[in-house]
Amino acid sequence: MSDDYNVLVVGGGPAGLAAAETAARRGVRTLVLERQNEIGYPIHTSGGTWIKDMQALGIPEHLYHPVKTVYFLTPHREVSFQYNPAVACVVDIRGLYQHLAARAVAAGAELRVRHTVEQALLEQGRVVGVTAKTHVSERMTVHADVTIDASGFSRHIGVRSDMGGAFHRYGFGAEYDLYAPNYPQDELFLIMGSAFAPQGYAWAFPRGNGRVRLGVGVIHPDNDEDARVYLDRIMREIPQLAQRFKGASPLEYHTGLFPSEGTLPAFSRDGLLLAGDAGGHGSTLVGEGIRFAIYSGQMAGETAAEAVQAGDTSGAYLSRFDQRWRARFARDMDIAYMINKHITAYSDAQWDSSLDLLKRLTPAQAAQALRGDFTASLVMGILARNPSLIATGGKRFLDRMLERINKPVAVSVQ
C-alpha cells in the first residue's frame with residue numbers, strides 16, 4: 001500500500017499537530033502518523049507553562065489551570081511569589097493535544113493513529129517519505145515532498161537520516177498524578193536539593209478539581225539516580241508538602257525523557273525538517289517543552305507548505321525554518337542551556353544561596369527569569385538587587401549571560 005502527500009508529519013504531539021494544522025491551512029495535502037492508540041496518551045510531561053503563551057496560541061481557557069502562588073524550596077530556604085492575576089498555569093495534557101489534533105483535522109490534515117513509522121526513505125540523499133506499519137499490522141509506504149520529524153525524544157527520522165544521533169544528555173522524569181483533596185489548587189512548588197532531586201528538581205503542579213502532578217526530574221548521565229524512588233518520600237518528608245498531600249493517592253503514573261543537549265546545528269536537509277524535541281527546541285532551563293514545541297511546529301509547517309508551493313524542497317530552501325526559529329528562540333535557548341549546565345552540579349549550600357538571591361527579585365523579575373526571557377535589563381536588575389554578587393564571583397556568570405544576550409544571532413539562509 002502506498003500513499004502520496006505534500007507534507008508528512010511523524011508524531012502526533014504538540015509540535016507535529018501544530019505543524020499539520022499550519023501546513024494544511026496553507027492548502028497542502030498533509031498526513032500525521034502517530035504510533036500510539038490515541039492522541040495525548042501516554043502522558044510524558046508535567047504540563048507547566050505560561051498563560052500568555054496559551055492565549056497567544058489560541059488555547060481555550062478550560063484547557064489550562066491558572067496558579068497564583070509559586071513556591072521555591074531548597075534544603076534550608078523557602079521563597080514564594082504571588083501573582084494576581086496569575087501568569088503560570090498547568091495544562092490538561094490530553095485535552096490540549098486532542099484540541100490541537102481537532103484543529104489540524106479541521107484545517108484539512110489527515111491523522112492516523114496506531115501507525116508506527118519504521119524506516120526513512122532516501123533517494124540520492126533526499127528524504128522522500130517513510131515506511132510504516134498500520135493499526136492492522138500491514139506495511140505501507142508514504143511518499144512526501146517534505147517530511148517533518150516531530151517524533152520527540154526518539155528523533156525517529158532524524159537519527160535514520162544523519163540529522164543528529166540519539167540524545168546522550170537528557171532529563172528523566174517520573175510523576176504521580178494524584179487526587180489530593182487537601183492540596184490548595186492555586187499553589188505551585190519547585191523543589192531543589194540532593195535529598196529529593198539530586199542534580200535536578202521536583203515539582204508539585206495543581207491542575208484543578210483536586211488533581212496535582214507531583215514529579216521529580218534528574219539529568220542523565222550527570223547523575224545516575226532513579227527519579228522514581230523519590231516520589232513517595234517527597235509527599236511524606238517535606239514538611240511544607242506533607243499536610244497538603246494528606247489523604248492523597250495517585251490515580252496515574254507518568255514517566256518522560258527530555259533532551260538536555262541544546263539545539264542541533266541544523267534542523268533541515270533535503271526533504272526533511274526536525275521540529276519540537278526532535279530538534280532540541282525545548283528550554284533546558286526547567287525542561288519546558290510544550291509551548292516551544294507548538295511554536296516550532298507552526299514554523300515548520302509554514303516553511304514546509306511554502307516549499308511545496310514554491311516547488312523547491314531542497315535543504316537550502318527548507319533552511320528558512322532554521323532561520324526563523326533561531327531568530328526568535330536561539331539566544332534564550334543558548335542561555336538556558338548555559339544555566340542548566342551551571343546549576344546541575346549545585347550543592348545544597350549553593351541552592352540555598354540561590355534562593356537568597358531569588359528572594360530579592362520582584363515577582364515580575366522572577367517570572368521573567370523562570371520563563372527564560374533573558375534581557376540585559378533583567379540581568380542588570382538581578383545585579384542591582386544583589387550587589388554582593390560582585391564580591392562572590394556571581395557577576396562573572398552574569399557577564400557571560402550579557403555577552404550572549406548582546407551577541408548577534410546568526411540567521412542567514414544557506
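**Overall fold and the surroundings of R213, D232 and M235**

In this predicted model, the side chain of R213 comes to within 3.0 Å of a backbone oxygen, that of V91. R213 belongs to strand β15, which covers residues 211-220, and its relative accessible area is 1%. Because the threshold for a buried residue is under 20% relative accessible area, R213 is classed as buried. The arginine thus combines a place in strand β15 with a side-chain approach to the backbone of V91.

The protein as a whole contains 14 helices and 18 strands. Its radius of gyration is 22 Å, close to the 22 Å that the globule rule gives for 414 residues, so the protein is as compact as a globular protein of that length. Along the principal axes, the C-alpha trace extends over about 60 × 50 × 40 Å. Of the 414 residues, 57% are buried, and R213 is one of the residues classed in this way. When contacts between residues at least 6 apart in sequence are considered, 71% of them join residues that are at least 24 apart.

The surface exposed by the protein amounts to about 17,200 Å², of which carbon and sulfur atoms supply 50%. With regard to charge, there are 42 positive and 43 negative side chains, and the centres of these two sets are separated by 4 Å.

Two residues of helix α5, which is formed by residues 231-237, were also examined. D232 lies in this helix and has a relative accessible area of 32%; since the partly exposed class lies between the limits of 20% and 50%, D232 is assigned to that class. Between the C-alpha atoms of D232 and G215, which are 17 residues apart along the chain, the separation is 9.9 Å. G215 falls within the residue range 211-220 of strand β15, the strand that also holds R213.

M235 is likewise placed in helix α5, but with a relative accessibility of 12% it counts as buried, whereas D232 is partly exposed. When neighbours within four places in sequence are left aside, the residues in contact with M235 are Y176, L178, L214, L241, A242 and F245. One of these partners, L214, has a number within the range 211-220 that defines strand β15. The C-alpha atom of M235 is separated by 8.3 Å from that of K246, a residue 11 places away along the chain.

Notes: Residues are numbered from 1 along each chain as its sequence is written. This is a predicted model: local features need pLDDT of at least 70, side-chain atom pairs count only at pLDDT 80 or more; totals for chains, interfaces and linings use all residues. Side-chain values use heavy atoms; hydrogens and water are left out. Helices (H or I, at least four residues) and strands (E, at least two) are DSSP runs, numbered from the N terminus. Buried means under 20% relative accessible area, exposed over 50%, partly exposed in between (1.4 Å probe, protein chains only). A polar contact is a pair of N or O atoms within 3.5 Å; within protein, one must be able to donate a hydrogen and the other to accept it, and residues adjacent in sequence count only if both atoms are side-chain atoms. The radius of gyration is taken over C-alpha atoms; the globule rule is 2.2 Å times the number of residues to the power 0.38. Contact means heavy atoms within 4.5 Å. Accessible areas come from the Shrake-Rupley method with a 1.4 Å probe; for residues, only the protein chains shown count as cover. Lys and Arg count as positive and Asp and Glu as negative; His and the chain ends are not counted. The place of a charge is taken as NZ of Lys, CZ of Arg, CG of Asp or CD of Glu.
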